[in-house]
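Colleague: I would like to take a close look at a single part of this protein, and I am still learning how to read such pictures. Could you walk me through that part slowly and then connect it with its surroundings?

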Amino acid sequence: ACAARDPAGPTPWWSMTRQVLVIEDDEDIAKLIELQLLELSCNVKLASDGVEGLAEAQSKRYDLLILDLMLPGMGGLEICQRIRAQDRYTPVLMLTSKSSELDRVLGLEMGADDYLTKPFSVLELNARVKAIFRRVDSLSKDKDSAMVVIRSGDLHIDVEKRSVRLDGKPVDLTAKEFD
């Protein structure tokens, strides 16, 4: 599921080594997630608080960020916002014990690509991680064959930076809206 990208051509997601950052303060849950990701051949880095996690997320490129909502130091929503403010796109799977519809909607509106509520099954975690990797690979293939910037009148869409401008002003979109 997760080995380095082959410059000779696209490599299927199941034969790539993915870099995944897990920001989770519950050590047992973090270790469980790590074990599942290792089963998918991912390289996993763990962070146990928000400040440490954000610093790590900004220090290098990750293929996926699994982010707890409630963290010491800095909350998951703020981390997600800061990650989304960066030029590079990193998929975010929000992980939380908050299960209300409002919490899920807020997480998705703040830029999370998917949302998983604790307690969760490892089968669902695996399925959601694989689905994110498939979507990213599909978007990457589309991006390779598409223009990097799409212009239509005063509308400019930068596919690589995942940004939209209308009349020169930025348009705030969620990840789902941009897709």
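Modeller: Please keep in mind that this is a predicted model. Let us begin with an arginine and a ring: the charged end of Arg18 sits over the ring of Phe133, with 4.3 Å between that end and the centre of the ring. A second arrangement of this kind involves Arg162, whose charged end sits over the ring of Tyr89 at 4.2 Å from its centre. Pairs of aromatic rings are another matter, since a search of the whole structure finds zero of them.

The part I would like to look at closely is strand S3, which covers residues 64–68. To place this strand, it helps to know that the protein chain holds six helices and nine strands, and that 39% of its 179 residues count as buried. How many of the five residues of S3 are buried? Five of the five are, and the strand is therefore described as mostly covered, where buried means a relative accessible area under 20%. The side chains leave the strand in two directions: Leu64, Ile66 and Asp68 point one way, whereas Leu65 and Leu67 point the other way, and the residues on both sides are buried.

Which strands pair with S3? One of its partners is S1, and these two strands pair in the parallel sense over four bridges. Within this pairing, Val22 has Ile66 as its bridge partner in S3. Another partner is strand S4, made of residues 92–96, which runs parallel to S3 and is joined to it by four bridges. Here we meet Ile66 again, because this residue stands opposite Leu93 in S4. The chain passes between S3 and S4 by way of helix H3, residues 76–84, and the three elements make a right-handed β-α-β unit.

From S3 we can follow the pairing through S1, residues 19–23, to strand S2, residues 43–47, since S1 and S2 pair in the parallel sense over five bridges. In that pairing, Gln19 has Asn43 of S2 as its bridge partner. S1 and S2 also belong to a right-handed β-α-β unit, in which the helix is H1, residues 27–39. In the loop between H1 and S2 you will find Ser41, which has a positive phi of about 65° although it is not a glycine. Is Ser41 buried, partly exposed or exposed? Its relative accessibility is 44%, so Ser41 counts as partly exposed.

Let us now turn to helix H5, residues 122–145, where Val122 has its place. This residue touches Leu32 and Gln36, if neighbours up to four places away in sequence are left aside. The C-alpha atom of Val122 is also separated by 10.0 Å from that of Leu37, although the two residues are 85 apart along the chain. With a relative accessible area of 29%, Val122 is partly exposed. In the loop between strand S5 and H5 lies Pro119, and a cis peptide bond with omega of about -10° joins Lys118 to this proline.

Finally, consider two loops that flank strand S9. Asp167 lies in the loop between strand S8 and S9, and its phi is near 55°, a positive value in a residue other than glycine. Thr174 is found in the loop between S9 and helix H6, where its 8% relative accessibility makes it count as buried. Among residues more than four places away in sequence, Thr174 touches Leu108 and Glu109.

Key:
Residues are numbered from 1 along each chain as its sequence is written. This is a predicted model: local features need pLDDT of at least 70, side-chain atom pairs count only at pLDDT 80 or more; totals for chains, interfaces and linings use all residues. Side-chain values use heavy atoms; hydrogens and water are left out. Rings of Phe, Tyr and Trp (its six-membered ring) pair if their centres lie within 6.5 Å; planes under 30 degrees apart count as stacked, over 60 as edge-to-face and the rest as tilted. A charge sits over a ring if NZ of Lys or CZ of Arg is within 6 Å of the ring centre and within 35 degrees of the ring normal. Buried means under 20% relative accessible area, exposed over 50%, partly exposed in between (1.4 Å probe, protein chains only). A crossover is right-handed if, with the strands pointing away from the viewer, the path from the first strand over the helix to the second runs clockwise. Contact means heavy atoms within 4.5 Å.
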